[in-house]
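The following exchange concerns how labels are assigned in a structural description. Each answer sets a computed value against the criterion that applies to it.

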Amino acid sequence: MEIIITPDVEAAASIVADIVEAALAKPHPILGLATGSSPLATYRELIRRHEGGLSLAHATAFLLDEYIGLEPGHAESYRSVIGREFTDQVDIDPARVHAPGVHEASLPGACGAYEEAIRKAGGVDVQLLGIGNDGHIGFNEPTSSLGSRTRIKTLTESSRRDNARFFDDPEEVPHHVLTQGIGTILESRHLVLVATGASKAEPIALAVEGPLTAMMPASALQLHPRATIVVDEAAASKLKLADYYRDVFARKPSWQTWT
Ligand code: F6R
């Protein structure tokens with residue numbers, strides 16, 4: 001794992017945007033997009049770069065997860081959020097922005113179809129991730145199998161509370177989601193997890209330096225040959241080896257590029 005500690009949110013976003021921009025040099029880049037607050041600064045930075053000439057016209061995107069039970073087009077559905085915050089503001093073809101099919105007649109069928117769509121597209125090049133306060137990635141809550149595939153999950157009350165800030169009424173937060181599994185996420189070629197703020201310090205320390213365990217789903221990144229964790233000082237504040245990570249990054253050889 002590569003741990004990059006940045007002074008602030010903007011510096012973190014700039015590094016994550018560099019990684020995405022490098023992937024966009026491919027003829028058919030496949031991006032894995034997360035929602036929530038963590039990647040917002042990265043999306044703003046990519047929009048800024050798009051205004052300066054960066055094109056996403058040849059890219060395809062897959063969302064990590066989606067709520068079950070919101071009506072189609074609901075403002076807080078992840079499909080709406082990603083459009084509003086990112087994809088509608090760049091030149092990616094909206095038809096190539098994919099979300100789990102939570103409105104299909106068969107949800108298990110939609111899960112299989114989503115896996116198949118990712119596979120047929122050639123797999124995800126760069127998967128952006130946030131981390132929940134309980135350590136979830138996607139909506140793989142604690143005790144999710146580290147080999148899990150796209151499926152229906154029930155949110156913990158703690159995750160529902162965390163996400164209530166986006167809804168007028170906390171009761172509106174759905175109980176169920178359709179999420180890529182941990183096994184699905186681990187098949188992406190490069191995992192990039194971004195976390196900022198003091199509330200992420202504990203889950204980051206456990207995910208990076210704690211044991212590999214289904215109780216801390218983000219610890220599954222320890223299994224991946226190419227995982228980059230980008231954190232600001234506040235989110236890095238409980239990392240025991242922070243000085244080592246700073247030294248590694250300062251000495252990163254120039255031939256070690258993002259592609
Ligand atoms: C969102 C997702 C979640 C969030 C996590 C952190 O698509 O998959 O895992 O990344 O809940 O959310 P924020 O960034 O809002 O703290």
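Q: Why is Tyr-43 called buried in this predicted model?
A: Tyr-43 has a relative accessibility of 1%. The term buried applies under 20%, so Tyr-43 counts as buried.

Q: On what value does the burial of Phe-86 rest?
A: Phe-86 has a relative accessibility of 2%. Because buried means under 20%, Phe-86 is placed in that class.

Q: How many aromatic pairs are there by the rule for rings?
A: The count comes to seven aromatic pairs.

Q: What makes the pair of Tyr-43 and Phe-86 stacked?
A: The ring centres of Tyr-43 and Phe-86 are 4.5 Å apart and the planes stand at 10°. Pairing requires centres within 6.5 Å, and planes under 30 degrees apart count as stacked. Both conditions are met, so the pair is stacked.

Q: Which parts of the chain does the pair of Tyr-43 and Phe-86 tie together?
A: Tyr-43 belongs to helix α2, whereas Phe-86 is in the loop between α3 (78-85) and β5. The pair therefore ties together parts that are 43 residues apart in sequence.

Q: Why is the pair of Tyr-244 and Tyr-245 called tilted?
A: The centres of the Tyr-244 and Tyr-245 rings lie 6.1 Å apart, with the planes at 55°. The distance is within the limit of 6.5 Å, and the angle is neither under 30 nor over 60 degrees, so the pair is tilted.

Q: Are Tyr-244 and Tyr-245 buried or exposed?
A: Tyr-244 has a relative accessible area of 52%; exposed means over 50%, so Tyr-244 is exposed. Tyr-245 has a relative accessible area of 10%; this value is under 20%, so Tyr-245 is buried.

Q: What makes the charged end of Lys-252 one that sits over the ring of Trp-258?
A: The charged end of Lys-252 is 3.9 Å from the centre of the Trp-258 ring. The distance limit is 6 Å, with a further limit of 35 degrees from the ring normal. Lys-252 is classed as sitting over the ring of Trp-258.

Q: How do you know that strand β9 is largely enclosed by the rest of the structure?
A: Six of the six residues of β9 (residues 190-195) are buried, so the strand is largely enclosed. His-190, Val-192 and Val-194 cover one side, and Leu-191, Leu-193 and Ala-195 the other. This split fits a general pattern: side chains in a regular strand alternate between the two faces of the sheet.

Q: What makes β9 a partner of β6 and of β10?
A: Pairing requires at least two bridges. Strand β6 (residues 126-129) and β9 are parallel over four bridges, while β9 and β10 (residues 227-232) are parallel over five bridges. Leu-191 of β9 is the bridge partner of Gln-127 and stands opposite Ala-227 in β10. The chain passes from β9 to β10 through helix α7 (residues 201-209) in a right-handed β-α-β crossover.

Q: What makes the contact of Ser-38 with the ligand a polar one?
A: An N or O atom in the side chain of Ser-38 is 2.5 Å from an oxygen atom of the ligand. The limit is 3.5 Å, so the contact qualifies. Backbone atoms also come within this limit: a polar one of Ser-37 at 2.8 Å, and an N or O atom of Gly-138 at 2.7 Å from a ligand oxygen.

Note on methods. Residues are numbered from 1 along each chain as its sequence is written. This is a predicted model: local features need pLDDT of at least 70, side-chain atom pairs count only at pLDDT 80 or more; totals for chains, interfaces and linings use all residues. Side-chain values use heavy atoms; hydrogens and water are left out. Buried means under 20% relative accessible area, exposed over 50%, partly exposed in between (1.4 Å probe, protein chains only). Helices (H or I, at least four residues) and strands (E, at least two) are DSSP runs, numbered from the N terminus. A crossover is right-handed if, with the strands pointing away from the viewer, the path from the first strand over the helix to the second runs clockwise. Rings of Phe, Tyr and Trp (its six-membered ring) pair if their centres lie within 6.5 Å; planes under 30 degrees apart count as stacked, over 60 as edge-to-face and the rest as tilted. A polar contact is a pair of N or O atoms within 3.5 Å; within protein, one must be able to donate a hydrogen and the other to accept it, and residues adjacent in sequence count only if both atoms are side-chain atoms.
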